[in-house]
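Please open the model in your viewer and keep the sequence panel beside it. The stops below go from the whole chain to single residues, each with a selection to make and a note on what is found there.

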Amino acid sequence: MTDRPEYDNQPSFINEYQMVFSAADENDNFDIIVYNFNSKKFTNMSRTSDRNENSPTITDCGMYISAVVSEPDKKQRIWLYPINFEPAELLYDDIEPVGYYDWYDNKAAMFVLGDPNTLVYARGRNDLIEIDSNVARSIKKRPKTSEITYLSTADFRNVADQQAYLLKSYDIETGERAEYGFGLEGSQDFIWLDKKYLLMAKGNNIYKRKYTDNNWELMGTIQSDTHQNISRMAYSEDLDLLVVAMERK
């Protein structure tokens, strides 16, 4: 889809025919880009020279594209970009620096950078649920549930000199916690294909497993002379399409 020296990453589908991602220009400034799979066209949702937008995704209400914005004063907070291209709005003015996040019930579960990094859910202003600390960068709501899932960097096993982190869950509605086995060694990024199946990648290989299983199944390898090392992935059930971000060799 793209092949530039600059950064194109963090893809996320926002409906049955469009995807957003974060892209850097030649001045290393990051904006939100919308790609339309029907028209094959790219459109800038943001074009800001004084701030960077990362981790764009659609909100639960479908009215906004949210993003972690690195502001001119170096704060990192979540902003909302209306899909009708009206001016962006700051969401949580008192929660920062935010690294990564996902949505449940129009409220954000956020990876907040610190020592240690923490995972919090903003139930309301000054009403935060602290879910866990020492979490990896992938924060994902499990489809068709009220669970926020993440990899715990405090719980791991060593495999071939690499760490595999434990996948944990916190149910926003019930407060119940669960563990869903270990992630893939050497990887911090996962996505849910649906309520039952997870996807992770290592190198150019893509792996899948049921959340109740222990072993990852190799689904396939992306053969490329120009790109390597899959990082982020996004899946569209509507398009039956998997998008991956890879490094240029």
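**The whole chain**

Begin with a cartoon of everything: the secondary structure comes to zero helices and 22 strands, where helices (H or I, at least four residues) and strands (E, at least two) are DSSP runs numbered from the N terminus. The radius of gyration, taken over C-alpha atoms, is 18 Å, close to the 18 Å that the globule rule gives for 249 residues, so the chain is as compact as a globular protein of that length; the rule itself is 2.2 Å times the number of residues to the power 0.38. This is a predicted model, in which local features need pLDDT of at least 70 and side-chain atom pairs count only at pLDDT 80 or more, while totals for chains, interfaces and linings use all residues. Residues are numbered from 1 along each chain as its sequence is written, and side-chain values use heavy atoms, with hydrogens and water left out.

With the C-alpha atoms shown, the chain fills a box of roughly 50 × 45 × 35 Å along the principal axes. Of its 249 residues, 47% count as buried, a term that means under 20% relative accessible area, with exposed standing for over 50% and partly exposed for what lies in between (1.4 Å probe, protein chains only).

**Strands β10 to β12**

Select residues 107-112, which form β10, together with β11, and you will see them pair in the antiparallel sense over four bridges; two strands count as paired if DSSP finds at least two bridges between them. A hairpin of five residues joins β10 to β11, and Val112 stands opposite Thr118 in β11. In the loop between β10 and β11 lies Pro116, whose peptide bond with Asp115 is cis, with omega about 10 degrees.

Extend the selection to residues 127-133, strand β12, which runs antiparallel to β11 and is joined to it by six bridges. Thr118 has Ser133 as its bridge partner in β12. The hairpin of β11 and β12 has two residues between the strands, and in it Asn126 takes a positive phi near 60 degrees. If you colour by accessibility, β11 (residues 118-124) appears mostly covered, with five of its seven residues buried.

**The sheet β5-β6-β7-β8**

Next, select the four strands of the open sheet, whose order is β5-β6-β7-β8 with antiparallel pairing. At its edges stand β5 (52-58) and β8 (89-90), each with a single partner strand, so one side of each is left without a neighbour in the sheet. Two bridges join β7 (residues 76-82) to β8, where Glu89 is the bridge partner of Leu80.

In the loop between β6 (64-70) and β7, pick Lys74, a residue other than glycine with a positive phi near 80 degrees; Lys74 is exposed, with a relative accessible area of 70%. Most residues other than glycine have a negative phi, and most peptide bonds are trans. In the loop between β8 and β9 (98-104), Pro97 is the next residue to pick, and the peptide bond from Glu96 to Pro97 is cis, with omega near 0 degrees.

**Gln10 and Ser55**

Return to strand β5 and select Ser55, which has a positive phi of about 55 degrees although it is not a glycine and counts as buried at 14% relative accessibility. Which side chain reaches the backbone nitrogen of Ser55? That of Gln10 does, at 2.7 Å. Gln10 is placed in strand β1 (residues 8-13) and is buried, with a relative accessible area of 9%. Leaving aside neighbours within four places in sequence, Gln10 is in contact (heavy atoms within 4.5 Å) with residues including Val20, Asn54, Tyr100 and Arg232.

**Aromatic rings**

Finally, show the rings of Phe, Tyr and Trp (its six-membered ring), which pair if their centres lie within 6.5 Å, with planes under 30 degrees apart counted as stacked, over 60 as edge-to-face and the rest as tilted. The whole structure holds 12 aromatic pairs. Tyr35 and Phe37 have ring centres 4.9 Å apart and planes at 90 degrees, so the pair is edge-to-face. Tyr35 is buried at 8% relative accessible area, as is Phe37 at 12%. Tyr180 and Trp192 also form an edge-to-face pair, 6.4 Å centre to centre with 90 degrees between the planes. Tyr180 lies in β16 (residues 177-182) and Trp192 in β17 (residues 190-192), so the pair ties together parts that are 12 residues apart in sequence. To close, select Phe13, Phe21, Tyr35, Phe37 and Phe42, which ring pairs link into a cluster.

Conventions:
A polar contact is a pair of N or O atoms within 3.5 Å; within protein, one must be able to donate a hydrogen and the other to accept it, and residues adjacent in sequence count only if both atoms are side-chain atoms.
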